[in-house]
Each structure stands twice: as structure tokens, then as C-alpha cells.
Amino acid sequence: MIEVVLNDRPGKKVRVKCNEDETIGDLKKLVAAQTGTRAENIRIQKWYNIYKDHITLKDYEIHDGMGLELYYN
């Protein structure tokens, strides 16, 4: 079980606990449940790399305590 910190630019930080074998799409669903936005309208990225929904967190080498960028489409 890892904890990922997602930060949107206006200053809201969302902490999500998930497993490394879950996909980015699963992570978006967890974030959507906490923020109240739809999972389809969420974009997760790090610098200029936009993460794709079907790839797991382990494949992207996302570890415990890692910070990601959260954008709303």
C-alpha cells in the first residue's frame, strides 16, 4: 500500500492510498471520489509526461510519498 500526493495548482492537495499494481485509471477513480469531479475530467501528469489510464503505477515507477500534478479538463 502506497500513498500518492496529487497537487492541483490552486493549492489543493489530495492524498490517495492505493496499491502499486493498480492502474492510473483506478487512481483517477479514487481521486474523483475525494474531489467530487468525474474521473474522465482528471488528468495526471509529472512535468510534461501525461500518464495513460491503462498503465500501472509500478510501470511508471510511482512510489510511496511521490507527488504528481493534477489537472481538470
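This is a walk through a predicted model, one selection at a time.

**Stop 1: the whole chain**

Start with the whole protein chain in cartoon view. You should find one helix and five strands, and reading along the sequence gives the pattern β-β-α-β-β-β. The radius of gyration is 11 Å, close to the 11 Å that the globule rule gives for 73 residues, so the chain is as compact as a globular protein of that length. If you like boxes, the C-alpha atoms fill one of roughly 25 × 25 × 20 Å along the principal axes. Of the 73 residues, 34% count as buried. For contact-map fans: among contacts between residues at least 6 apart in sequence, 53% join residues at least 24 apart.

Now select residues 2-73. UniProt, in an unreviewed entry, places the feature "domain: Ubiquitin-like" on that span. Its end C-alpha atoms lie 26 Å apart, and the span is 17% helix and 35% strand.

**Stop 2: the sheet**

Color the strands one by one. In what order do the five strands of the open sheet sit? The order is β2-β1-β5-β3-β4, and the pairing is mixed. β2 (13-18) and β4 stand at the edges with a single partner strand each, so one side of each has no neighbour in the sheet.

Next, show helix α1, residues 24-35. This helix packs on the sheet, where it touches β1 (2-7), β2, β3 and β5. Its direction makes about 130° with that of β2.

Turn on backbone hydrogen bonds if your viewer draws them. Strands of a sheet pair through such bonds, either parallel or antiparallel. Here, β3 and β5 run antiparallel and are joined by four bridges. β3 and β4 also run antiparallel, with two bridges between them; Q45 has I50 in β4 as its bridge partner.

**Stop 3: I44**

Select I44, which lies in strand β3. Is I44 buried or exposed? With a relative accessible area of 0%, I44 is buried, since the cut-off for that is under 20%. Look across to β5 and you'll see L70 standing opposite I44. Y71 is worth a distance label too: I44 and Y71 are 27 residues apart in sequence, yet 6.4 Å apart in space, C-alpha to C-alpha.

Expand the selection to the contacts of I44. Leaving aside neighbours within four places in sequence, they include L6, I24, L27, K28 and Y51, and L68 is on the list as well.

**Stop 4: the core**

Which residues of the largest nonpolar core touch the most other members? They are L6, I44 and L68, out of 17 residues in that core. β1, β2, α1, β3 and β5 each supply at least two residues, and the largest share, four residues, comes from α1. As background, nonpolar side chains in soluble globular proteins tend to be buried together.

Center on L68 and show what surrounds it. Beyond residues up to four places away in sequence, L68 touches V4, V5, L6, N7, L27, I44, Q45, K46, Y51 and I62.

**Stop 5: two positive phi values**

Finish with the Ramachandran plot open. Select W47, in the loop between β3 (42-46) and β4 (49-50). β3 and β4 form a hairpin with two residues between them, and W47 sits in the turn. Phi of W47 is near 55°, a positive value in a residue other than glycine. Switch on the surface: W47 is exposed, with a relative accessible area of 64%.

Then hop to E61, in the loop between β4 and β5 (67-72). What is phi of E61 near? Phi is near 60° for E61, again positive in a residue other than glycine. E61 is exposed, with a relative accessible area of 55%.

Definitions and conventions. Residues numbered from 1 in each chain as written. Predicted model: local features only at pLDDT ≥ 70, side-chain atom pairs only at ≥ 80, totals over all residues. Heavy atoms only, no water. Buried < 20%, exposed > 50% of the residue type's maximum accessible area, 1.4 Å probe, protein only. Pairing = 2+ DSSP bridges. Contact = heavy atoms within 4.5 Å. Axes fitted to C-alpha atoms, helices over the stretch in contact; angles between N-to-C directions. UniProt positions renumbered as here; feature names shortened; annotations may be inferred. Core = buried A, V, L, I, M, F, W, Y, C linked by side-chain atoms within 4.5 Å. Rg over C-alpha atoms; globule rule 2.2 N^0.38 Å.
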